[in-house]
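Thanks for asking me to look this one over. Could you open the coordinates alongside this note and follow the points in turn?

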Amino acid sequence: MYKLGLDVGSTTLKSVLLSDHDEILYQSYERHRSLVREMSLSKIKELEPYLKGHEVQLAISGSAGLGMAEIGAFPFVQEVFATAGAVRRYDPDSDVVIELGGEDAKILFLKGSLEERMNSTCAGGTGAFIDQMAALLNLDLNEMDALSLKYTQLYPIASRCGVFAKSDIQPLVNQGADKANIAASIFQAVVDQTIIGLAQGRRIEGKILFLGGPLSFLKGLQQRFVETLKLDAEHAVFPSTAPYYVALGAAVYAKDSTDIYTYEQLIEKFEKIASTRIKNHGLKPLFKDNGEYSEFKHRHQQSDIPTQDIHTYQGDAYIGIDAGSTTTKLIMIDEKDRLLYSSYTNNLGNPIDVVKAELTDIYKQIDNRIQIRGCAVTGYGEDLIKSAFHGDCGVVETVAHYTAARHFNPDVDFIIDIGGQDMKCFRIKDHTIDDMVLNEACSSGCGSFIETFARSLGYDIEEFARLGLTSKEPVDLGSRCTVFMNSSVKEAQKNGASVADISAGLAMSIVKNALYKVIRARSVDDIGKQIVVQGGTFLNDTILRSFEIELGRNVIRPSIAGLMGAYGAALYVKTKQLKHSTLISEEELAVFSHTSRAISCGGCTNHCNLTINTFQDGSRHIAGNKCEKPLGIKQTSENPDLYAYKYQKLMNYKSKPGKRGKIGIPMVLNMYENLPFWHPFFTELGFEVILSGRSSKQMYAQGSQSISSDTVCFPAKLVHGHIQQLIDEQVPIIFYPCMTYNFDEGISDNQFNCPVVAYYPEVIAANMELDEQLFLYPYLSLHQPNRFYDKMQAFLKRFGCDISIKEIRRCGELAFRAYHAYKNDVLKAGQEAIQFAHDHHKKMILLAGRPYHIDPLINHGIHKLLTGLDFVVLSEDSVPFITPYEKVNVLNQWTYHARMYNAARYVCKQPNMELIQLVSFGCGIDAITSDEVKDILREHGKLYTQIKIDEVDNLGAIRIRVRSLLAAMEERK
Amino acid sequence: MERVEFTKAMRKTHTILIPDMLPIHFKMIERVLRDEGYQVELLQTTGSKIAQEGLNHVHNDTCYPALLVIGQMIDALKSGKYDLDHVALAITQTGGGCRASNYLYLLRKALVQAGFENIPVISLNFSKMEKNSGFKLTLRLLIKLIYALIYGDMLMWIANQCLPYEAAKGTTMGVVDHWVAKLNTQFHSLRFLYISRNYKQMLTEFSMIKRSCVNKIKVGIVGEIYMKYAPLGNNNLVDFLLKENAEPVVSGVIDFGLYCLKNNQVDFSLYGIKKHVQPIAKLAISFITHCQSRMIKAIQKEGTFRAPGTFDSLLDAGEGFINKGAKMGEGWLLTSEMVELIHSGVQNIVCCQPFGCLPNHIVAKGMMRKIKNVYPTANIVAVDYDPGASIINQENRLKLMLANARLNERMAHGGTAEYADKKAHVYAYEPH
């Protein structure tokens, strides 16, 4: 009896055929290009020489195989279960199995209590993720793998979700970091993802079996796993059957089946499967008929800009360069804004070479007829390109785009730009930027997502887009993040959707994602009436059409949609009317060369990873820095900065040895607020208070193994590292109370902490190994001192610390005074900062966050960036509480969040002050507060800027936002 | 934003729409409210438009239940079925530190956005948060509502033990429908108070349903309250489990009520607050637990079906895992329910949670490791629900849980981990 196992994954089809004696007769691993059912049928046909004349049992596994199994009435085995079955049969002495597939990651703990886990819905560190990253680096998988083995340094790359990692990698690419290092770092991110996201606190040890395509083909990935888990050859097993293992499991499972087929019967069944189409609840097609299509085509051909022949033109010219994330755009215009030269090049991860080639080309064509009178640079790579080629000026991306769109349609009131990696849109009111939205790290998989997706299905983007236009019934794929879209596509594949329908469905999704998730449009009228769409992604007609359909309104797409940033930059520099451009000359360009080198900065404890580009003239450009220090410039700003002030104050608490021994306090979450109480309280009681110290990436990594929920906010995840630090320091007692309630500050209807802040100690107690130490996490509240004294006394007594209530009261009263003194001091410092700003005519930013946002690892140094741009920085608790407080339109019941409403109201009354709201990714409460804060500000004509922060360290995007805000403030004057 | 009050006059003129959560219970609640003179209509609509309306009108990072409930209401208002000048909405408000307390406000914001700002919204709460002159939670109404929930729990609990085994499809739901109708008439009089007699008759009728005696895998469902119970939220999880040949085990909603009451007592003992509600909380807890224990006794006496655990056993189950002070969202109740299920022999558990649910980071995902350490055979799967999560992804995880459940079962009965005949090799497994 033969046993055939089929594993139909999201991108590949695997098969294994077992003989009568369970030997593998045949195995295969192929991409199915989304043609799941056709491929399966031809696979059976291909197996004819093996199967003919034999009796066969068959089982199907894999996420896209379920539909087939249902139609064919074949046994279906869940893929993790299939793997487990095959392991028990073929590698029974394994302790742990790690399997990475196209879009799933799995871990199986076989010894001890059996546990099998799959990645949650929001986690993409898998094969498809590696594919996307390789495409980003413009490498094929083999090249990337080979390069990764030659790494010299690893960069921290967000490991939670593919989309996040991408926004970490992009700046590295733009800074010119060595691809070998990036490649290895990507693999390291996959490893970290597996450990944090999958193992979730359980240790990966013993003999480990590595399975799935990526883990068997990629030597670099193997190496990262082996090194990270500290395995020797005996304990790291990479079997040759690794890519087919699930199919092998399915074949093993098939043995149990009572259904036996002949080759002919199988063919018959699979033919039936291939011809069955399941009705999708599809969307309407993009075009009713051909007439509608040609009208669409014709209408968009209208939006064109005149050109001028570079070979005959005589006079002045202006160059604009938009160094985007994946593409580099360059435009040269004449005196009348006509196009002399344009280029749109995939920068292949190396924007410098692209610009060099383009400039060389331009110099060759212009002779002495054309004088370059200015060159402006914009985009992610603005700094690098500007210093490499001595551009005249830089332009904030948003300003460049508006300049271009305004030139196009003076009455434009809404611009949306979807590029490869990022999306921006602005509303224009009275010819100034009134509101601006940039995509958060979460939804950044915009244009390049479709491109890599098309590629993973085996299509190039043009063909993929063209197919979409012909779709009869686009599949409905939802509107969440791209990782979710992947699994929706999987579902569509399961149901046998065509590539055309998937293409159109993806386009609809991207558009919905942009409108509802990023812009948060409430209705069509909310968007605007004079809409200009731009960015390379809109050159895809399928997306353009989807956008018009979703809006129910025609929009303008300039023919240079992808070049608008560069065009805007050129227009911008033209208005400067420079005498001479500083742009690199033809001669200098001819000998131009550069090298890049990665180092770790030793300037402070941040240890930023710097990329140093050295050019042939000896000048250097440093990227990756958070502050000005490595640039050799003295701290430029002496502007007051409440974030730095508060942090400094907390870090300066001094402990002294006491009669009662040591007590450890983790510097996390609400401790940033309550330390001024706890520290004097315990010190006065006679404890030596040991703080967990400053957060660092290493510290975070130390504790990451025990994180139980991969979607909780970063500040909460960081708690594990701080506790681990206290464990490692063997502090005998760790104190971290649960606090449902907070102080009543008179500005809210109730005084809750958020659920995570309130109860995170429970998670620590349940998930960290605290055997040696006493972990104290009493339920306490500080808002009723008398109650607190009683509870604290009783609690400490239970742990053998009998302190009289009188003493507790004395120390408590002292601590409360100290706490209030601290709060008042912050308030006073706030007032002084405002006074300073008035006296020195500085602009102010109120950075409204939560107490723990002053941790530099959490805020990524945003406050430094702001002072670097000459702002004075205030915090949400450094401005007076306005009482009686005005009601807000939601239930105002969280103490920390009430401060943000208060801060927003305060800002509304201040000239020269704007508010930036800091939101930690995953903070559910801010889904409620952010709309409210925005409404308060906008009612009073203030700008609303929200910055979402996570473990991702992507100051580049934040920089653009803040500079855009600055530009908008200037323009509004 | 000015609040539109639900006035006395509106009682006569307005239809009140309430979103469904528990299909059996809410049919009775609808009746009870109608008997009190409110023109209530239960929203039982389904379809992808509901989530879409939610996405369009509520911040997309808000929890899934809010998106669905608000989406369902907006969808209903847009359907053209209702006279928009004579319609009102009702939504529950729990008043804890979780985001759910804000659903009411998010709904109001959504209504303004969608152009329905004149439609009154009634907050259904027990914490005196917001009042409407036209809607009063009288003692009589309150008692009837509690009874509706208690009866609903009984019907749901027993029906789930019959559905997987019924010989003729539909007989179980026939009995359920019959009893919902019967109880609805009882609510007109005082007959609904004869709780023991009703229980007895119910049990007799359920036990007469012809059932097969095959042994099916039992799967407990816990989670965020809406996700746990509402088929719209959990993509018809109960039906899915039935289709997969499993027996769903779903504990009653009245436990959630008891949990809320208990929290008042805990708040008092921990922080000395809420002193004035202590007598009421105590009275209500003893009344409800009394009804519950009569249900348990009736089931045990009749003998055909498994009885649920008492509230006291639920309180005990959580001990050593989580403090009773953790009271936001489902708080300690959720952890306790998982442990209680394991105690009662249900090793397989689905934990339904809205994606990004804050309390669940603590009380669900945060506690799973500890539970697994204490009960190594526990087979728990956490499933995230949100508008973008695909059903296949959820079902794939559920299927994995079920496959493991079957394996555990086979091994507990002396089988091996192998699919076929090969004898057990090194595989550490300790029968529980």
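Below are my numbered points on two sheets, a helix, a loop residue and some backbone details.

1. A word on the source before anything else: this is a predicted model. Please read every value below as computed from that model.

2. Let us start with the five-stranded sheet in chain A. The sheet is open, with strand order β13-β12-β11-β14-β15 and mixed pairing. At its edges are β13 (339–346) and β15 of chain A, each of which pairs on one side only. From one strand to the next, the twist averages 20°. Helix α23 of chain A, residues 564–575, packs on this sheet and touches β11, β12 (327–334), β13, β14 and β15 of chain A. The direction of α23(A) makes about 135° with that of β11(A).

3. Within that sheet, β14(A) deserves a closer look. How many bridges join β11(A) to β14(A)? There are eight, and the two strands run parallel. For orientation in the viewer, A:Gly315 stands opposite A:Ile370, and A:Ile319 has A:Cys375 as its bridge partner. With β15 of chain A (residues 393–395), β14(A) shares three bridges, again in a parallel arrangement. Here A:Val377 stands opposite A:Gly394.

4. How enclosed is β14(A), which covers residues 370–378? Eight of its nine residues are buried, so the strand is largely enclosed by the rest of the structure. The connection onward is also worth tracing: β14(A), helix α15 (residues 382–389) of chain A and β15(A) make a right-handed β-α-β unit.

5. Moving to chain B, there is an open sheet of four strands in the order β2-β1-β3-β4, with parallel pairing. Its edge strands are β2 (39–43) and β4 (121–124) of chain B, each pairing on one side only. On average, neighbouring strands are turned by 30° against each other, direction ignored. Helix α2 (residues 23–35) of chain B packs on the sheet and touches β1 and β2 of chain B. The helix direction makes about 165° with that of β2(B).

6. Inside the chain B sheet, three bridges join β1 (residues 15–19) to β3 (residues 87–92), and these strands run parallel. A handy pair to display is B:Ile16 opposite B:Ala88.

7. Helix α8 of chain B, residues 195–207, makes a neat geometry check. At 1.5 Å a residue, its 13 residues should span 18 Å, and the end C-alpha atoms are 18 Å apart, which agrees. Which residues of α8(B) are buried? They are B:Ile195, B:Asn198, B:Tyr199, B:Met202, B:Leu203 and B:Phe206. Viewed down the helix axis, these buried residues of α8(B) fall within an arc of 130°, so they line one face of the helix. That spacing fits the general rule: an α-helix has 3.6 residues a turn, so residues three or four places apart point the same way. Among the elements covering the buried residues of α8(B) are α6 (139–162), α7 (171–186) and α12 (278–302) of chain B.

8. Next, B:Phe135, found in the loop between β4 and α6 of chain B. Is this loop residue buried or exposed? B:Phe135 has a relative accessible area of 13%; the cut-off for buried is under 20%, so B:Phe135 counts as buried. Leaving aside neighbours within four places in sequence, B:Phe135 is in contact with B:Phe6, B:Leu33, B:Tyr38, B:Ile122 and B:Leu124. By contrast, B:Pro231 is 96 residues away along the chain, and the C-alpha atoms of the two are separated by 28 Å.

9. Finally, some backbone details in chain A to check by eye. Most residues other than glycine have a negative phi, and most peptide bonds are trans. A:Asp22, in the loop between β2 (12–18) and β3 (24–31) of chain A, has a positive phi near 60°. A:Gln730, in the loop between α28 (714–728) and β25 (733–735) of chain A, has a positive phi of about 55°. Their surroundings contrast: A:Asp22 is buried at 11% relative accessible area, whereas A:Gln730 is exposed at 64%.

10. One peptide bond also belongs on that list. A:Thr883 and A:Pro884 are joined by a cis peptide bond, with omega about -5°. A:Pro884 sits in the loop between β28 (871–875) and α34 (895–908) of chain A.

Notes. Residues are numbered from 1 along each chain as its sequence is written. Chains are lettered from A and ligands numbered from 1 in the order in which they are written. This is a predicted model: local features need pLDDT of at least 70, side-chain atom pairs count only at pLDDT 80 or more; totals for chains, interfaces and linings use all residues. Side-chain values use heavy atoms; hydrogens and water are left out. Buried means under 20% relative accessible area, exposed over 50%, partly exposed in between (1.4 Å probe, protein chains only). Two strands pair if DSSP finds at least two bridges between them. A crossover is right-handed if, with the strands pointing away from the viewer, the path from the first strand over the helix to the second runs clockwise. The expected span of a helix is 1.5 Å times one less than its number of residues. The arc is that of the directions from the helix axis to the C-beta atoms. Contact means heavy atoms within 4.5 Å. Axes are lines fitted to C-alpha atoms, for helices over the stretch in contact, and angles run from 0 to 180 degrees between N-to-C directions.
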